[in-house]
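Ready for a few hands-on exercises? Have a go at each task yourself, then check the solution below it.

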Amino acid sequence: MRASRLLSILLLLQSRGRLTARQLADDLEVSVRTIYRDVESLHTAGIPLYGDAGHQGGYRLLDGFRTKLTGLTAQEAEALFLAGLPGPAAELGLGALAAAAELKIEAALPPALREGARRVREHFHLDAPGWYHDGDRAPHLPEVAEAVWNKRVLHVLYRRWAAPSEVERTLEPYGLVLKGGKWYLVARCEGAMRTYRVNQILDLRVTDETFERPDGFDLVGYWREHLVDFRSRLFQGHAVIRLSPEGRERLRDLMSSAVISAVDETAGVLDDRGWSTATVPIESLTHAQTEFLKLGAEVEVLEPAELRRKLAETAKALAALYAP
């Protein structure tokens with residue numbers, strides 16, 4: 001967004017001093033020509049910004065000029081990173097702080113930038129959860145977030161898939177991740193990093209014990225590696241299927257991106273009815289059975305034989321259930 005880029009130019013010059021148009025362009029990943037236009041807009045808005053020519057030249061703000069964030073508190077500064085996400089900020093218990101911080105930033109902006117920021121807010125809205133899921137209902141999320149901020153050890157009762165289904169764990173909470181409307185806690189447990197669904201925490205106690213979070217811990221990097229590992233372990237086999245033209249279209253709304261990509265890459269020559277054969281990854285026989293049933297009679301599983309048998313049994317049971 002252009003308004004955001006103009007503010008970024010101001011903050012870069014304020015924090016680093018003199019910068020050339022090329023340096024600004026590289027930092028903001030735009031062209032030098034775009035920087036020239038943005039600097040002209042800042043001049044027009046009354047920002048005391050000037051450029052020096054020559055080898056040691058560049059753009060500078062007039063000495064003493066600072067953007068003013070009047071009365072910004074430490075807590076509001078933390079909430080700034082969620083100012084564009086009012087829903088998640090409210091879930092973390094930071095809704096009021098994020099709103100207050102946003103108002104103070106808006107009041108501190110020059111009129112031209114303020115109007116641009118207002119237009120962005122009026123024209124764009126992020127709704128992260130899917131159409132058929134409203135996201136997590138995680139009553140313990142604010143307490144977990146407080147423990148993350150304050151580096152407090154958590155003692156939790158956690159529900160998991162494997163038996164025993166309810167276990168007690170002592171966690172050092174390193175960070176929270178919101179993905180697909182669901183909150184995940186990244187924490188150290190018994191010397192190893194683990195990921196926990198926050199809405200599966202049945203009970204918790206925030207202890208008085210603190211822990212040291214390593215300075216070099218990269219939450220974004222850890223999560224990226226976690227996703228790669230998760231996806232590598234997710235699919236346990238493959239299925240050979242036949243798809244009708246309608247089934248292939250419906251598949252794009254009902255199946256995972258991995259299955260969709262596999263169909264696009266492996267679909268063979270169409271037969272005289274327009275059906276095609278493809279090889280797709282599956283998580284397990286039970287999961288695959290549920291997924292393929294979504295396509296009804298628009299898909300036929302050829303292999304593995306056990307999956308084909310399971311679907312045939314389900315079809316027979318449905319036919320008996322709905323028979324006149």
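Four exercises with worked solutions follow.

The model is predicted, so to speak of local features we need pLDDT of at least 70, and side-chain atom pairs count only at pLDDT 80 or more, while totals for chains, interfaces and linings use all residues. Residues are numbered from 1 along each chain as its sequence is written, and side-chain values use heavy atoms, with hydrogens and water left out.

**Exercise 1: helix H2**

Find the buried residues of H2 and work out how they sit around the helix.

Step 1. Helices are DSSP runs of H or I with at least four residues, strands are runs of E with at least two, and both are numbered from the N terminus. H2 covers residues 21–28.

Step 2. Buried means under 20% relative accessible area, exposed means over 50%, and partly exposed is in between (1.4 Å probe, protein chains only). In H2, the buried ones are Ala21, Leu24 and Ala25.

Step 3. These residues span an arc of only 100 degrees around the axis, so they are on the same side of H2. The arc is taken from the directions that run from the helix axis to the C-beta atoms.

Step 4. Just after H2 comes Glu29, with a positive phi near 60 degrees.

**Exercise 2: salt bridges**

How many salt bridges are there, and which residues do they join?

Step 1. Start with the rule: a side-chain nitrogen of Lys or Arg lies within 4 Å of a carboxyl oxygen of Asp or Glu. That gives a count of 9 salt bridges.

Step 2. Go back to H2 for one of them: Arg22 pairs with Asp26, and their closest N and O atoms are 3.2 Å apart. The two are 4 residues apart in the helix, so about one helical turn separates them. Arg22 is partly exposed at 47% relative accessible area, and Asp26 is partly exposed too, at 48%.

Step 3. Now try Asp264 and Arg248, which meet at 3.8 Å, N to O. This pair links distant parts of the chain, with Asp264 in helix H11 (residues 257–266) and Arg248 in helix H10 (residues 245–254), 16 residues apart. Asp264 is partly exposed at 40%, and so is Arg248 at 23%.

Step 4. Glu291 and Lys294 form another salt bridge, at 2.9 Å, N to O. Glu291 is buried at 16% relative accessibility, whereas Lys294 is partly exposed at 37%. Elsewhere, shared partners tie Arg242, Asp271, Glu300 and Arg308 into one salt-bridge network.

**Exercise 3: strands S3, S4 and S5**

Trace how S4 pairs with S3 and with S5.

Step 1. Two strands pair if DSSP finds at least two bridges between them. S3 (residues 152–159) and S4 (residues 166–179) are antiparallel, with 6 bridges. Tyr158 sits opposite Val167 in S4, and the two strands make a hairpin with 6 residues between them.

Step 2. S4 also runs antiparallel to S5 (residues 182–189), joined by 7 bridges. Here Pro173 has Ala187 of S5 as its bridge partner.

Step 3. The hairpin of S4 and S5 has 2 residues between the strands, and Gly180 takes a positive phi near 60 degrees there.

**Exercise 4: a nonpolar patch**

Which residues form a nonpolar patch on the surface?

Step 1. Patch residues have over 30% relative accessible area and no salt bridge; like charges are joined within 9 Å, and nonpolar side chains (Val, Leu, Ile, Met, Phe, Trp, Tyr) within 5 Å. Leu318, Leu321 and Tyr322 form the patch, with about 380 Å² of accessible area together, computed by the Shrake-Rupley method with a 1.4 Å probe, where for residues only the protein chains shown count as cover.

Step 2. Place Leu321: this residue lies in helix H13 (residues 305–322) and is exposed at 62%.
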